[in-house]
Amino acid sequence: MVESIRFSGLASGMDTQSIVDSMMRASRLPLDKLQQQKQVLEWQRDDYREINTAFKNFDTFLFDNIYKQSKMLAKTVTSSNESVATATANAQAANNTFELKNVTLAKAAQRTSGTSISVNSTNKIDPSKSLWSQRDKFANSITWQQENKSEDFTVPKGGGSTINLQNKAISDVEDIKVYDTEGNLVKTYAITYDAPPNPSDPDTAYVNQETGQITFGGDKLTEDHTFKVNYKNNFLEFNTETFNEDGTKNSIAFKVDGTTSLNRMLSDINSSNAGINIFYDSGSDKVVATRKETGNFTDGAEINFTGASSGFFMGENSNLQLNSEIDGSNATFTINGLQTSRKSNTFTINDVTISLKKNISGDESVTISTKNDADSTYNTIKEFVDKYNELLDKINGKLTEERYRSFTPLTNEQKGAMKDKEIEQWEEKAKSGLLKRDSLLTSGLGKFRIDLYTEVKVNDVTRTHKDYNQLAEIGIKTTKNYLDRGKIEIDEAKLKEAIEKDPEAVYQLFMADGPTYSEQGLARRLRKSIDETMLKVEEKAGNIYKTEHGYSMGKDLLRINSDIDTWEERLKQIEQRYWNQFNAMEKAMQQMNNQSNQLMAQLGSMQQR
């Protein structure tokens, strides 16, 4: 709606706009209070959500660190000679020492071309070009598989003299027949594989077997004609065959069109589940196929090629000459006096993963030692204490923050009369203390303290020590300064002693998973209390995914917004009433002025007479 332009004081000379604004200022007070209430509620809501973010961050820390045995029960592994063997250990590994002697590394089975695969060194195959185009460059001729194909083509608009059989490696084109739109045979072309002469024979079709392109002699084909081509397509079809650890075969089927390059075909084998790495080396003009896994998996050959085109890879007069194989072998070694073997150079014993790097024999040996990583466990627990104290600082800061009730949110009119720095300082006090002594957060902190200081009863007969039932027993207790409001601190020596004595017992203090509250570890209790508190905060203050209808403060905001809308409409009506009254006064005064002017005019004319 376009607002009307108001002209004031034309008859009375009064500044009507200023008078109305002053009168409206008093009427706006209830609206200003509503907007201030809304602002306070929004600030308070944001404070709650900020606290919930802190809860979530601490909860994530607990899950990513305390919950993981790799952090709380970390192990260190040392090798006396890392050039021979290295090792890692998971949290379940016992403290142990392994002595390795007489190490022979495992090897993978391998097939290599016995001779060059090209005709000669001056006429080598190009592995980047199609197999069909390179067929005459292989030392032995390729035995192709063939399949009959029949394709229909429509002459393109404007006619044309060539078509392309999808880049197929074609041979033995039987015939090419051309039909009109009614399906009547118009012409049959003779077939030749020679290049078209100039001029070409109008009754001959010239077929390029390498590209699949067909050139028709004579004039362009008529665009409303179609033609049918019957031909044979050339391809290779074979299976790769390897063996699994249990002796079963792993056979992968391949069908390779003649337009595929040697490089592409070998790449497809490598990226499949065949378990083979195979490549062509142009320098030696040979192909090498190696199993991806080391070890001996069968009494016979471990890499085989079977199927219709297996002769391309191996066998008498094969193209790639992969006829001899170096068998794979297992890793053999003596560990703590026991002679044993593995198919892989990396293996796991008692949760310790050992990687062999080098052969050794005679008196040579390497020692692998595993022990508890007390420093890692200590650092994880120290970080837990630091994160917990940070959370307390955050919450207690809000609970004890001073509340300045005289600093209410500024109205737009008030902000207009202040400098930016003044506004910032004012709002800093206006936002302060909005969660002071908040019962919801106070209750949450109370739960956290109960979680930490209630005894943990762990019923585990396998444990060496059963005296780590409270934080104080591992050197963690509340600080003596009451102003810290529940912060905890570490007795470094006592905590490290507890970790060295029984790291599993320390871990169970935090992570025991019993059916009752008393049997649950401190971290499990804390996460449950955090989740419960966060849920209550969300019910009150929501989150970024909830609409105002989904939480209690949001419903309050909706009510206040409705009241604001009502008051704004009411103020418009009040303002319009004031203007109507002043306009009526101006109109009356204008009439009086007109009457006065008329009387003065009449008196003047009478005096002149």
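Which residue in β20 is the bridge partner of threonine 348? In the predicted model described here, that partner is threonine 353, and the pair belongs to an antiparallel arrangement in which strand β19, spanning residues 346–349, is joined to β20 over four bridges. A further pair in this arrangement is formed by isoleucine 349, which stands opposite valine 352 of β20. The two strands make up a hairpin with two residues between them, and in the turn asparagine 350 adopts a positive phi of about 50°.

On the evidence of the bridge pattern, β20 also pairs with strand β2, which covers residues 85–89, and here the sense is again antiparallel, with five bridges. Within this second pairing, alanine 85 has leucine 356 of β20 as its bridge partner. The outcome is an open sheet of three strands, ordered β2-β20-β19 and paired in the antiparallel sense, in which β2 and β19 are the edge strands, each pairing on one side only. From one strand to the next, the twist of this sheet averages 25°. Strand β20 itself, made up of residues 352–356, is mostly covered, with four of its five residues buried.

A comparable description can be given for strand β17. This strand, residues 331–335, is mostly covered, and four of its five residues are buried. On one hand, β17 is joined by three bridges to strand β3, residues 96–104, the two strands running antiparallel; in this pairing threonine 104 stands opposite threonine 332 of β17. On the other hand, β17 pairs over five bridges, likewise in the antiparallel sense, with strand β18, which comprises residues 338–342. Isoleucine 335 is found opposite leucine 338 in β18, and the hairpin formed by β17 and β18 has two residues between the strands, with asparagine 336 taking a positive phi near 50°.

Another open sheet contains four strands, in the order β13-β14-β4-β16, and its pairing is antiparallel. Its edge strands are β13, residues 276–281, and β16, residues 324–326, each of which pairs on one side only. Neighbouring strands in this sheet are turned against each other by 20° on average when direction is ignored. At the β13 edge, six bridges connect β13 to the antiparallel strand β14, which spans residues 286–291, and among the residues involved, isoleucine 278 has alanine 289 of β14 as its bridge partner.

Among the helical elements, α5 extends over residues 374–400 and contains threonine 380. The relative accessibility of threonine 380 is 6%, and this residue therefore counts as buried, the cut-off being under 20%. When neighbours within four places in sequence are left aside, threonine 380 is in contact with Phe61, Asn65, Ile66, Lys71 and Met72.

The empty space in the model was examined next. The largest pocket holds about 730 Å³ of space and is lined by 27 residues, of which Arg28, Asp32, Gln35, Thr411 and Asn412 lie nearest its centre. The elements that contribute two or more residues to this lining are α1 (16–27), α2 (29–66), α6 (412–416) and α12 (552–608). Of these, α2 gives the most to the lining, with ten residues. As for enclosed space, the count comes to one cavity of 30 Å³ or more, and the largest cavity contains about 30 Å³. The residues lining the largest cavity are Ile125, Asp126, Pro127, Lys129, Ser130, Leu131, Gln134, Phe138 and Leu262.

These descriptions should be read together with the confidence of the prediction. The chain has an average pLDDT of 88, and 94% of the residues score at least 70. Over residues 461–465, by contrast, the pLDDT is below 50, and this stretch makes nine contacts in the model beyond near neighbours in sequence. Where pLDDT is low, the predicted coordinates should not be read in detail.

Definitions and conventions: Residues are numbered from 1 along each chain as its sequence is written. This is a predicted model: local features need pLDDT of at least 70, side-chain atom pairs count only at pLDDT 80 or more; totals for chains, interfaces and linings use all residues. Side-chain values use heavy atoms; hydrogens and water are left out. pLDDT is the predictor's confidence in each residue, from 0 to 100. Contact means heavy atoms within 4.5 Å. Two strands pair if DSSP finds at least two bridges between them. Axes are lines fitted to C-alpha atoms, for helices over the stretch in contact, and angles run from 0 to 180 degrees between N-to-C directions. Buried means under 20% relative accessible area, exposed over 50%, partly exposed in between (1.4 Å probe, protein chains only). On a 1 Å grid over the protein atoms alone, a cavity is a set of points where a 1.4 Å probe fits but cannot get out, and a pocket is an open set with protein on both sides within 12 Å along at least five of seven lines; lining residues have an atom within 4 Å of a point. Grid points are joined across faces, edges and corners, and a volume is the space filled by probe spheres set on the points.
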